[in-house]
Amino acid sequence: MDFNTEVLKYKDDFLKDLNTLVSYESVRDESTKAENAPFGKNCRDVLDAMLDMAKRDGFEAKDIDGYAGVVEYGQGEETFGVLGHLDIVPLGEGWTKDPLKVTLENGYIFGRGVKDDKGPALAGYYALKMIRDLNIPLKKRVMLITGCDEESGMECMNYYVDHAEVPQMGFVPDANFPVIYGEKGGLHVGL
């Protein structure tokens with residue numbers, strides 16, 4: 001299989017879906033917090049958009065009470081997680097392009113969240129889609145987990161751990177992955 005050829009078949013759809021996710025100003029907003037929208041309306045809306053993409057494409061999609069979403073593919077007892085997030089930091093000042101729209105220029109993609117972490121999360125989703133479409137057999141059940149509160153405290157994952165299945169192993173494609181695969185100064189140890 002020529003991986004590069006296969007990936008390019010998904011480019012237009014990927015960019016369209018990325019534009020959909022980027023269009024949401026999904027910053028935590030306590031003023032619009034509601035049941036099943038613990039981080040506000042825009043975070044709820046972007047989570048719904050992600051889950052709707054999965055349903056559109058025939059995947060099983062689960063809503064974990066608005067804290068996170070799970071897209072699953074494969075079968076078996078063993079699980080592998082791909083963890084991403086759909087929330088963003090505030091837009092800030094000084095943009096030369098519309099931050100809520102995907103803009104392609106000189107081989108670069110611009111828009112709030114394209115690098116951290118809507119783009120990498122969607123890349124994980126499209127990897128699942130490619131694996132399924134190419135009938136590549138899996139020995140594990142893959143769980144794409146997308147949270148909605150990474151940028152302001154990880155409440156999404158704290159809730160997820162208490163209310164949903166935790167994968168046995170996994171990784172986080174965030175920012176400059178694989179160059180950045182861990183956060184400086186962060187260590188969580190359980191005994």
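Which residue takes a positive phi in the hairpin of β1 and β2? The hairpin has 3 residues between its strands, and D65 takes a positive phi near 55° there.

This report describes a predicted model, in which local features need pLDDT of at least 70 and side-chain atom pairs pLDDT 80 or more, while totals for chains, interfaces and linings use all residues. Residues are numbered from 1 along each chain as its sequence is written, and side-chain values use heavy atoms, leaving out hydrogens and water.

**The sheet**

The strands named here (DSSP runs of E, at least two residues) and the helices (runs of H or I, at least four) are numbered from the N terminus. An open sheet is formed by 5 strands, whose order is β1-β2-β6-β3-β7. The pairing in this sheet is mixed; strands pair if DSSP finds at least two bridges between them. Strands β1 and β7 (169–171) are the edge strands, and each of them pairs on one side only. On average, and with direction ignored, neighbouring strands of the sheet are turned by 25° against each other.

The table sets out some of the pairs of strands.

| Strand pair | Bridges | Direction |
|---|---|---|
| β1 (residues 60–64) and β2 (residues 68–73) | 5 bridges | antiparallel |
| β2 and β6 | 6 bridges | antiparallel |
| β3 (residues 79–85) and β6 (residues 141–147) | 7 bridges | parallel |

Individual residues can be followed across these pairs. Between β1 and β2, K62 stands opposite V70. Between β2 and β6, V71 stands opposite L144. From β3, V82 has L144 in β6 as its bridge partner. L144 therefore appears in two of these pairings because strands β2 and β3 both pair with β6, where pairing needs at least two bridges by DSSP. A further bridge partner in β6 is R141, which is matched with T79.

**Strand β6 and the helices**

Strand β6 is mostly covered, with 7 of its 7 residues buried (buried is under 20% relative accessible area, exposed over 50%, partly exposed in between; 1.4 Å probe, protein chains only). R141, M143, I145 and G147 point one way from this strand, while V142, L144 and T146 point the other way. Residues of both groups are buried.

Two helices lie across strands of the sheet. Helix α3 (residues 41–56) lies across β1, β2 and β6. The direction of α3 is at about 160° to β1. Helix α5 (residues 155–163) lies across β1, β2, β3 and β6. In its case the angle is given against β6, and helix α5 runs at about 140° to that strand. Axes are lines fitted to C-alpha atoms, for helices over the stretch in contact, with angles from 0 to 180 degrees between N-to-C directions; contact means heavy atoms within 4.5 Å.

**The hairpin loop and N36**

D65 is found in the loop between β1 and β2. Its phi is positive, at about 55°, although D65 is not a glycine. D65 counts as partly exposed because its relative accessibility is 34%.

A second loop residue is found beside this one. N36 lies in the loop between α2 and α3. N36 touches R44, D65 and G66, where residues up to four places away in sequence are not counted. N36 and D63 are 27 residues apart along the chain, and their C-alpha atoms are separated by 9.0 Å. The relative accessibility of N36 is 35%, so this residue counts as partly exposed.

**Other backbone features**

N106 also has a positive phi, of about 50°, although it is not a glycine. This residue is found in the loop between β4 (103–105) and β5. Is N106 buried or exposed? With 70% relative accessibility, N106 counts as exposed.

The loop between β5 (108–110) and α4 holds D117. The peptide bond that leads from D116 to D117 is cis, and its omega is near 10°.

**Summary**

The sheet has 5 strands in the order β1-β2-β6-β3-β7. Within it, β6 has 7 of its 7 residues buried. Helices α3 and α5 each lie across β6, among other strands. In the loop of the β1 and β2 hairpin, D65 has its positive phi near 55° and is touched by N36.
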